Amino acid sequence: MPRRPVPAGAGRAPAHAPAPETPGPLPSRTPGVRDRLRARTDIRNLSLLGVLAALVAVGALTRPEQFLSVQNLQLVLTQASVIGVVTVGVTFVIIGGGIDLSVGAMVALATVWATTVATQEYGLGGILLCALLVGLGCGLVNGLLVAFGGMVPFIATLAMLAAARGLALQISQGGTQIVSVPSVLDLGRRDAYVLGIPPIVLVFAAVTVTGWLLLNRTTFGRRTVAVGGNPEAARLAGIDVRRQRLLLYLLSGLCCGIAAFLLIVLTGSGQNTNGNLYELDAIAAAIIGGTLLSGGRGTVTGSVLGVLVFTTITNLFALNNLETAVQQIAKGAIIVIAVLVQKGHTS
């Protein structure tokens, strides 16, 4: 068939046709997983601040004179300081994919050991050093059992819980070891302030800031998140997973030693019942603060806010003369709700 003649200019863009659009500048960075996690963490922390504000409002309405008094607010912060220091250490362990059920027992053993074996004749420094060494020793055993012994963290730390409680009972013979060192007792006085703040609260603040920097601004923190998120991938990336896990349990033991010293300062004594249920409160505060139980995610700020929420609830219940059993039930309900919310976010 003869071809039809093609008109001149066919197939070309007309002269008056608009020029094709040139792509605009690309966004500087596409939002990724890290950005979404950071935004979710910010929302969670804001939610915790909202809960804390609501609890303060409830306290102001139900017991305005008692709750808002300077003495009571100072009491809340002081009580939050001891369990808060423990929670910072537990947060690192959970982010690293582990669990530590022995923190309460380690605190008890450290308080008893520091007030008896040290014989208190070395003063404040001797008691502090003894408490730290006991915490580090227990953390070292936990770390060796988990990282190099291949034991499941739940079992290893449960064994440490039983052993430390038993040892504390054996050393103290069931009695209370009274501290007679004036420099220790002076730190725990109600009228003791440094820059207008109780020394125990200052120690808590220092531990919190150090924990935040360690997790967010150091290689140690990045390795902790990597080991908790995917241990095999972390190993292939060149991270010594077993060493990292050992360090995490050492850190938890160190925090328990610091908390034990604060408890000695606060109570002026050492008892085998000290730190009872600290493991429950610390793990619960970390979960409420957004730390993922399966590891790989969590913040020190969220855990500290969780501690403040729990301590404020306990204070409110005490001011309103509610029984301890009701407090425990409420804490259990809060933990369940937090886990369900966490599950909804991760599914």
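User: How many salt bridges are counted in the structure?
Analyst: This is a predicted model, in which local features need pLDDT of at least 70, side-chain atom pairs count only at pLDDT 80 or more, and totals for chains, interfaces and linings use all residues. Residues are numbered from 1 along each chain as its sequence is written, and side-chain values use heavy atoms, leaving out hydrogens and water. With a salt bridge taken as a side-chain nitrogen of Lys or Arg within 4 Å of a carboxyl oxygen of Asp or Glu, the count is one.

User: Which residue forms a salt bridge with glutamate 232?
Analyst: Glutamate 232 and its partner are three residues apart in helix α10 (residues 231-236), and therefore separated by about one helical turn; helices (H or I, at least four residues) and strands (E, at least two) are DSSP runs numbered from the N terminus. Glutamate 232 is partly exposed at 41% relative accessible area, where buried means under 20%, exposed over 50% and partly exposed in between (1.4 Å probe, protein chains only). The closest N and O atoms of the bridge are 2.5 Å apart, and the partner of glutamate 232 is arginine 235.

User: Is arginine 235 buried, partly exposed or exposed?
Analyst: Arginine 235 has a relative accessible area of 48%. The arginine 235 side of the salt bridge is thus classed as partly exposed.

User: At what angle do the ring planes of phenylalanine 92 and phenylalanine 220 lie?
Analyst: The structure holds one aromatic pair, a pair being rings of Phe, Tyr or Trp (its six-membered ring) with centres within 6.5 Å, stacked if the planes are under 30 degrees apart, edge-to-face if over 60 and tilted otherwise. Phenylalanine 92 lies in helix α3 (residues 70-95) and phenylalanine 220 in helix α9 (residues 219-229), so the pair ties together parts 128 residues apart in sequence. Both phenylalanine 92 and phenylalanine 220 are buried. Their ring centres are 6.3 Å apart, and the pair is tilted because the planes lie at 35°.

User: Which helix gives the most to the largest nonpolar core?
Analyst: A nonpolar core is a set of buried Ala, Val, Leu, Ile, Met, Phe, Trp, Tyr and Cys residues joined through side-chain atoms within 4.5 Å. The largest has 72 residues, and Val85, Val86, Phe92, Val107 and Ile127 have the most contacts inside it. With 12 residues, the leading contributor to this core is helix α11 (residues 241-267).

User: How far is the sulfur of cysteine 255 from the closest cysteine sulfur?
Analyst: Cysteine 255 is buried, with a relative accessible area of 5%. A disulfide is a pair of cysteine sulfur atoms within 2.5 Å, and a search of the whole structure finds zero. The closest cysteine sulfur belongs to cysteine 256 and is too far for a bond, because the separation is 7.2 Å.

User: Which residue's backbone oxygen does the side chain of serine 172 reach?
Analyst: Serine 172 lies in helix α6 (residues 153-172) and is buried at 5% relative accessible area. Beyond its neighbours within four places in sequence, serine 172 is in contact (heavy atoms within 4.5 Å) with Val112, Gln177 and Asn272. At 2.9 Å, its side chain reaches the backbone oxygen of alanine 168.

User: How far apart in space are leucine 293 and isoleucine 99, C-alpha to C-alpha?
Analyst: Leucine 293 lies in the loop between α12 (278-288) and α13 (300-319), and is partly exposed at 41% relative accessible area. Leucine 293 and isoleucine 99 are 194 residues apart in sequence, while their C-alpha separation is 8.3 Å.

Note on methods
A polar contact is a pair of N or O atoms within 3.5 Å; within protein, one must be able to donate a hydrogen and the other to accept it, and residues adjacent in sequence count only if both atoms are side-chain atoms.
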